[in-house]
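Work through the exercises below with the sequence and the model at hand. Try each task before reading its solution.

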Amino acid sequence: MNPTDLSMLAIFLGLFVLFALGLFLGLSLGRRNGRLESERDLSGRLEAEREDAVKRSRAVVGGQVAEQLAPYLPDFPCDPGDARFIGKPVDFVCFSGAGGGAGGEAAGAASGGEVSEIIFVEVKSGGSGLSRTEKSIRDAIVAGRVRWVEYRIPQD
C-alpha cells in the first residue's frame, strides 16, 4: 500500500470514529433529556391521578350510602319494611304486604302477611346506567321468565 492510501484510510477511520462517538453522545443526551422531562411531568400527573381516584372513591361511597338509604327516601316503590337488601345482582327485592313495615308484626297482621307483589328494585344515582347483568335481569322479569322452586334438603 502506498502512503496516500494509508492516509485516506486513517482519515476514513477517524471520521467513522467521530461519527460513532457523536451518535453515541447524541443518543445518551437524548435519553437523559427524555428521562428528565418525564420526571418533571411525573409530579403533576401523580397529583391529577390521585385527585381522580379520590373523586371516583367518593362517588362509589356516595352511591353505596344512597343504596342503603333509598327505602327511606320519597317515591321508593314499596314499604321500607318489605324491602330486603341483597346488593348484587339487584339492590332490593320487595315483598309488598309481607308485614315488615313500620308497625312490625302489627302491620303484617293487618294485611294477613300475604304478599301481593314482588318488586325487584335497582337503585342508581347520578348518571349511572344499568350494567349488562342488570339489563338481562330486567328483561327476564319483564318477559315473565321467573319461576318458583322449592328445594328440600335430602334426609339421611
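**Exercise 1. The sheet**

Task: In what order do the 3 strands of the open sheet lie, and in which sense do they pair?

Solution. This is a predicted model. Begin with the topology: the open sheet has the strand order 1-2-3, and its pairing is antiparallel. Next, look at the edges. Strand 1 and strand 3 (117-121) each have a single partner strand, so one side of each has no neighbour in the sheet. Then add the twist, which averages 20° from one strand to the next.

**Exercise 2. Register of the strands**

Task: How many bridges join strand 1 to strand 2, and over how many do strand 2 and strand 3 pair?

Solution. Recall the general rule: strands of a sheet pair through backbone hydrogen bonds, either parallel or antiparallel. Take the hairpin side. Strand 1 and strand 2 run antiparallel and are joined by 3 bridges. Ala-83 stands opposite Cys-94 of strand 2. Phe-85 has Phe-92 as its bridge partner in strand 2. Now take the other side. Strand 2 and strand 3 are antiparallel too, over 5 bridges. Here Val-93 has Phe-120 of strand 3 as its bridge partner.

Finish with burial. Of the 5 residues of strand 2, 4 are buried, so strand 2 is largely enclosed by the rest of the structure.

**Exercise 3. The hairpin loop**

Task: Which residue takes a positive phi in the hairpin of strand 1 and strand 2?

Solution. Count the connection: the hairpin has 6 residues between the strands. Gly-87 takes the positive phi, near 80°. Place Gly-87: it belongs to the loop between strand 1 and strand 2. Check its exposure. The relative accessible area of Gly-87 is 14%, and buried means under 20%, so Gly-87 is buried. Last, relate Gly-87 to Val-61: they are 26 residues apart in sequence, and their C-alpha atoms are 14 Å apart.

**Exercise 4. The disulfide**

Task: Which parts of the chain does the pair Cys-78 and Cys-94 tie together?

Solution. Apply the cut-off. A disulfide needs two cysteine sulfur atoms within 2.5 Å. The S to S distance of Cys-78 and Cys-94 is 2.3 Å, and a disulfide joins them. The count comes to 1 disulfide. Locate the ends. Cys-78 sits in the loop between helix 1 (3-69) and strand 1 (83-85), and Cys-94 in strand 2 (residues 92-96), so the pair ties together parts 16 residues apart in sequence. Now the hand: the torsion about the S-S bond is about -40°, so this disulfide is left-handed. Both Cys-78 and Cys-94 are buried.

**Exercise 5. Helix 1**

Task: What span should the 67 residues of helix 1 have, and how far apart are its end C-alpha atoms?

Solution. Use 1.5 Å a residue. The expected span of helix 1 is then 99 Å. The end C-alpha atoms are 97 Å apart, which agrees. Then trace the axis: helix 1 bends by about 35° at Leu-42.

**Exercise 6. Salt bridges**

Task: How many salt bridges does a search of the whole structure find, and which residues are linked in a network?

Solution. Start from the principle: side chains of opposite charge can pair when their charged atoms come close. The search finds 5 salt bridges. One of them joins Glu-134 and Lys-124, at 3.0 Å, N to O. Glu-134 lies in helix 3 (residues 132-142) and Lys-124 in the loop between strand 3 and helix 3, so this pair ties together parts 10 residues apart in sequence. Compare the two sites. Glu-134 is buried, at a relative accessible area of 10%. Lys-124 is partly exposed, at 35%. Extend the pair: Glu-122, Lys-124 and Glu-134 are linked in a network of salt bridges.

Move on along the chain. Arg-138 and Asp-139 meet in a salt bridge at 3.1 Å, N to O. Arg-138 is partly exposed, at 41% relative accessibility. Asp-139 is also partly exposed, at 37%. Glu-150 and Arg-152 meet in a salt bridge too, at 2.8 Å, N to O. Both Glu-150 and Arg-152 are exposed.

**Exercise 7. A residue of helix 3**

Task: Is Thr-133 buried or partly exposed?

Solution. Place the residue: Thr-133 lies in helix 3. Its relative accessibility is 46%, so Thr-133 counts as partly exposed. Then set Thr-133 against Pro-71. They are 62 residues apart in sequence, and 22 Å apart in space, C-alpha to C-alpha.

Methods:
Residues are numbered from 1 along each chain as its sequence is written. This is a predicted model: local features need pLDDT of at least 70, side-chain atom pairs count only at pLDDT 80 or more; totals for chains, interfaces and linings use all residues. Side-chain values use heavy atoms; hydrogens and water are left out. Helices (H or I, at least four residues) and strands (E, at least two) are DSSP runs, numbered from the N terminus. Buried means under 20% relative accessible area, exposed over 50%, partly exposed in between (1.4 Å probe, protein chains only). Two strands pair if DSSP finds at least two bridges between them. Axes are lines fitted to C-alpha atoms, for helices over the stretch in contact, and angles run from 0 to 180 degrees between N-to-C directions. The expected span of a helix is 1.5 Å times one less than its number of residues. The bend at a residue is the angle between axes fitted to the seven residues ending there and the seven starting there. A salt bridge is a side-chain nitrogen of Lys or Arg within 4 Å of a carboxyl oxygen of Asp or Glu.
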